[in-house]
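Please open the model in a viewer and keep the sequence panel visible. The tour below proceeds by selection, with a short account of what is found at each stop.

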Amino acid sequence: MERTVLGKTGIEVERLGFGGIPIQRVGEAQAVETVLHAVERGVDFIDTSRAYTTSERRIGKALQQTEKRVVVASKSQRKSLDGVRADLEKSLRELQREFVDLYQCHFVRDEQDYEQVISSKGAFQGLIRAKEEGLIGHIGITSHSLDLLDRILDDGLFETIMVCFSFLEPLAGEKIIPKAIEKRIGVIGMKPFSGGVIDSARLALKYVLSQPGIVVIAGVEHKELFDENWEIFQGNYQLDDGERRKIDEIRRTYGKSFCRRCDYCQPCTEDIPIQMILGIRSVVKRMGKETIRGGWLPKAIDKARHCSDCGECMTRCPYGLAIPDLIKENLEWVDEQLKLS
Ligand code: SF4
Ligand code: SF4
């Protein structure tokens with residue numbers, strides 16, 4: 001069990017935080033109970049988002065029932081100044097707070113998104129104002145693109161970054177995380193189980209926690225799952241030879257089928273959000289089947305149905321994924337789910 005400081009924010013928290021995605025897929029009473037249990041056991045960093053439907057409200061309810069001090073982080077996908085302001089006000093209402101410790105620009109996909117975010121009428125300016133007004137403590141950003149995060153670290157506008165990090169997506173550990181730490185930009189590692197692909201909590205958490213200086217967020221919807229993670233957090237993170245072999249085995253199994261969300265395959269000639277389609281099963285697993293019918297996924301699915309099999313994306317995927325075939329497989333799976341529901 002270790003604590004760390006999120007770079008120049010000065011926020012000091014336990015290195016295992018609570019991720020707010022899975023509590024959407026259970027009833028409210030269970031969700032509130034799980035958050036409260038985690039906080040009572042010692043969690044002092046909780047991350048959520050405007051995009052996670054009921055998550056902010058449930059976390060807000062749970063935190064009303066405890067005296068413990070918890071650092072709360074939320075985020076918005078809106079790119080404009082007015083848009084992020086509207087989202088922040090909604091976040092504050094849902095969380096039942098007058099102040100959020102960290103507010104992040106959520107899922108900034110590429111340079112184009114980023115330029116919009118940092119423009120004079122962009123979300124970043126909206127968050128600067130909110131910080132001056134005392135509504136938020138610090139400003140962060142989240143992205144799946146390591147190239148973009150690299151630029152963000154060079155620009156130095158944001159106080160924290162959130163990056164995918166697991167033994168199936170280890171690249172951030174080589175370049176992004178050390179650079180961020182050197183620049184005193186706080187690092188929050190997301191998706192330690194690679195969106196539910198890694199079954200072994202022990203292997204997954206030991207791997208990410210063995211990277212010093214970062215906070216890792218793990219989402220759970222049951223007290224029992226939380227206790228399992230918390231027990232691992234309290235142990236040592238040294239992987240033994242057997243565990244390393246097991247990790248290599250899992251890496252081999254998923255080597256040619258697991259999308260690392262790096263976006264190097266873009267741009268797609270049909271504007272298909274490839275990483276979203278290849279990761280669709282894990283999104284549905286974490287956020288529930290309704291996501292196929294509502295929100296942003298149906299649009300992505302429609303686009304994917306227009307894949308022309310041109311193969312251009314495959315020439316750019318560093319992991320050699322057979323992208324058009326994987327898109328077809330995932331669309332077949334989606335159609336089955338639609339028939340079943
Ligand atoms: S094969 Fe499909 S996904 Fe790949 S670039 Fe062509 S249209 Fe896009
Ligand atoms: S398909 Fe390949 S290049 Fe595209 S996001 Fe996934 S791992 Fe990266």
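## The two ligand shells

This is a predicted model. Begin by selecting ligand 2, which is surrounded by 14 residues, the closest being C259, C262, Y264, C265 and C317. By class, this shell around ligand 2 holds 10 nonpolar, one polar and three charged residues. Add helix α11, residues 274-278, to the selection: α11 gives the most to the shell around ligand 2, with three residues.

Now select ligand 1. Its surroundings comprise 15 residues, and the closest are C268, E270, C307, C310 and C313. Nine nonpolar, three polar and three charged residues make up the shell around ligand 1. Which helix gives the most to this shell around ligand 1? Select residues 323-340 to display helix α14, which supplies three residues.

## Two domains

Colour residues 3-245 as domain 1 and residues 274-340 as domain 2. Eight residues of domain 1 and seven residues of domain 2 take part in the contact between them. On the side of domain 1 that touches domain 2, the classes are three nonpolar, four polar and one charged. The centres of the two domains, taken over C-alpha atoms, are separated by 25 Å.

## A loop residue at long sequence range

Select Q24, in the loop between β3 (16-19) and α1 (28-41). Is Q24 buried or exposed? It counts as buried because it has 20 C-beta neighbours inside 10 Å, and 20 is the number from which a residue is called buried.

Next, display the contacts of Q24. Leaving aside neighbours within four places in sequence, Q24 is in contact with Y52, T53, T54, S55, M287 and G288. Of these, M287 deserves a distance label: M287 lies 263 residues from Q24 along the chain, yet the C-alpha atoms of the two are separated by 6.6 Å.

S55, one of the contacts of Q24, leads to helix α2. Select residues 55-64 to show α2, a mostly covered helix in which seven of the 10 residues are buried. Those buried residues are S55, E56, R58, I59, G60, A62 and L63. They pack against α1, β4, β5 and α3 (81-95).

## The barrel

Switch to a cartoon view and select the strands β3 to β10. Eight strands form a closed barrel in the order β3-β4-β5-β6-β7-β8-β9-β10, with parallel pairing. Neighbouring strands of this sheet are turned by 30° against each other on average, direction ignored.

Strand β5, residues 71-76, is a useful stop within the barrel. Six of its six residues are buried. Show the side chains of β5: V71, A73 and K75 point one way, whereas V72, S74 and S76 point the other way, and all are buried. In general, side chains in a regular strand alternate between the two faces of the sheet.

Strand β4 (residues 45-47) pairs with β5 in the parallel sense over three bridges. To find one such bridge, select I46 and its partner V72 in β5.

Then move to strand β6, residues 100-105, and select D101. D101 counts as partly exposed because it has 19 C-beta neighbours inside 10 Å, whereas 20 or more are required for a residue to be called buried. Not counting residues up to four places away in sequence, D101 touches I11, V71, V72, A73, G137 and H138. For a longer span, draw a line from D101 to Q234: the two are 133 residues apart in sequence and 25 Å apart in space, C-alpha to C-alpha.

Further round the barrel, select strand β8 (residues 160-164) together with strand β9 (residues 186-190). These two strands pair in the parallel sense over five bridges. Label M162 and I188: M162 stands opposite I188 in β9.

## A covered helix beside β9

The last selection is helix α8, residues 201-209. It is mostly covered, with seven of its nine residues buried. Which residues of α8 are buried? They are L203, A204, L205, K206, Y207, V208 and L209. Display the surroundings as well: what covers these buried residues of α8 includes β9, β10 (215-219), α9 (223-234) and α10 (241-254).

Definitions and conventions: Residues numbered from 1 in each chain as written. Chains lettered and ligands numbered in written order. Predicted model: local features only at pLDDT ≥ 70, side-chain atom pairs only at ≥ 80, totals over all residues. Near = placed C-beta within 6 Å. Helix = DSSP H or I, 4+ residues; strand = E, 2+ residues; numbered from the N terminus. Nonpolar A, V, L, I, M, F, W, Y, C, P; charged D, E, K, R; others polar. Domains from an automatic or database assignment. Contact = placed C-beta atoms within 7 Å. Pairing = 2+ DSSP bridges. Axes fitted to C-alpha atoms, helices over the stretch in contact; angles between N-to-C directions. Buried ≥ 20, exposed ≤ 12 C-beta atoms within 10 Å, placed from the backbone.
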